[in-house]
Amino acid sequence: MKIFADTAIISEIEEVSSWGIISGVTTNPSLIAKSGISLEDAIRKIVNLVDGPISAEVAEADAESMVEEAKLYSRMHKNIVIKIPMTIEGVKAVKLLTALKIKTNVTLVFTASQALMAATAGATYVSPFMGRLDDLLQTNDAGYILLKEIKDMFKTYNFKTQIIAASIRNLEHVNQSLKAGADIATIPYKVLKEMVKHELTDKGLEIFREAAKK
Ligand code: E4P
């Protein structure tokens, strides 16, 4: 499972890209607003930090305008993937962009039938939102079950669309993404840092360092 950084904050991307394990970046309008810079400026900076798919989300709502907006972002760099919301206009836009060989990431996916629509239209990626689904249903496995359903469906029907586990809130979501066989997990900075931690690692390191001094 590849690891993407789910952030548009440049200092965070700089730091995590220096670890050498980040294969891509996803942004969305909320993350861009938090970053304090425009989407265009974020794209210009991120492409120099991470050499992999960088998702940029369209703001337009109708298919033709989405395609025009998508063309602008995709002209900026070869690694740009256009993030399209899961709507009928979005599905139409994915179909048109696929014909233009522009890669797409269909976002705000909460059901297997939405993922089927996106994949049938030719989406390069679908992003099922684990955390938001668990929040809504007040469970800790609805996101996992959704990922599994989509994974099984793509396998049964031989879709090439890759699954990006999104809206990850904690380490359990990362483990569930692995268990479900997601192709990619897009992970926020806070969770990326938690992934290297364990209390026994810290304790063990302390013991080994003391021993090394002797
Ligand atoms: C990534 O592609 C999604 O936009 C992101 O993971 C959503 O996360 P959130 O539910 O924490 O806003």
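Okay, before anything else, one definition: a polar contact is a pair of N or O atoms within 3.5 Å. Keep that cut-off in your head, because at 2.7 Å, the distance from a polar side-chain atom of R169 to an oxygen atom of the ligand, we're inside 3.5 Å. Oh, and this is a predicted model, so please read everything I say with that in mind.

Let's stay with the ligand. R169 has company: an N or O atom in the side chain of R132 is 2.7 Å from an oxygen atom of the ligand. Then there's D6, where a side-chain N or O atom sits 2.6 Å from a ligand oxygen. How much of the ligand's accessible area does the protein cover? On its own the ligand has 340 Å², and the protein covers 84% of that.

And where is the ligand sitting? The space it takes is the largest pocket. If you want to click through the residues around the ligand, they include T26, N28, K83, F129, A166, S167 and T186, along with the three I've just talked about, D6, R132 and R169.

Now, over to N105. You'll find N105 in strand β5, which runs over residues 104-109. Is N105 buried or exposed? Its relative accessible area is 0%, so N105 counts as buried. What does its side chain do in there? The N105 side chain makes a polar contact with the side chain of S127, at 2.7 Å.

Leaving out neighbours within four places in sequence, N105 also touches a list of residues, among them S55, V81, I82, I84, Y125, V126 and I164. T26 and K83 are in contact with N105 too, and both turn up among the residues around the ligand. That's me done, thanks!

Technical notes: Residues are numbered from 1 along each chain as its sequence is written. This is a predicted model: local features need pLDDT of at least 70, side-chain atom pairs count only at pLDDT 80 or more; totals for chains, interfaces and linings use all residues. Side-chain values use heavy atoms; hydrogens and water are left out. Helices (H or I, at least four residues) and strands (E, at least two) are DSSP runs, numbered from the N terminus. Buried means under 20% relative accessible area, exposed over 50%, partly exposed in between (1.4 Å probe, protein chains only). A polar contact is a pair of N or O atoms within 3.5 Å; within protein, one must be able to donate a hydrogen and the other to accept it, and residues adjacent in sequence count only if both atoms are side-chain atoms. Contact means heavy atoms within 4.5 Å. A residue is near a molecule or strand if one of its heavy atoms lies within 4 Å of it. Accessible areas come from the Shrake-Rupley method with a 1.4 Å probe; for residues, only the protein chains shown count as cover. On a 1 Å grid over the protein atoms alone, a cavity is a set of points where a 1.4 Å probe fits but cannot get out, and a pocket is an open set with protein on both sides within 12 Å along at least five of seven lines; lining residues have an atom within 4 Å of a point. A molecule sits in a cavity or pocket if more than half of its atoms lie within 2 Å of its grid points.
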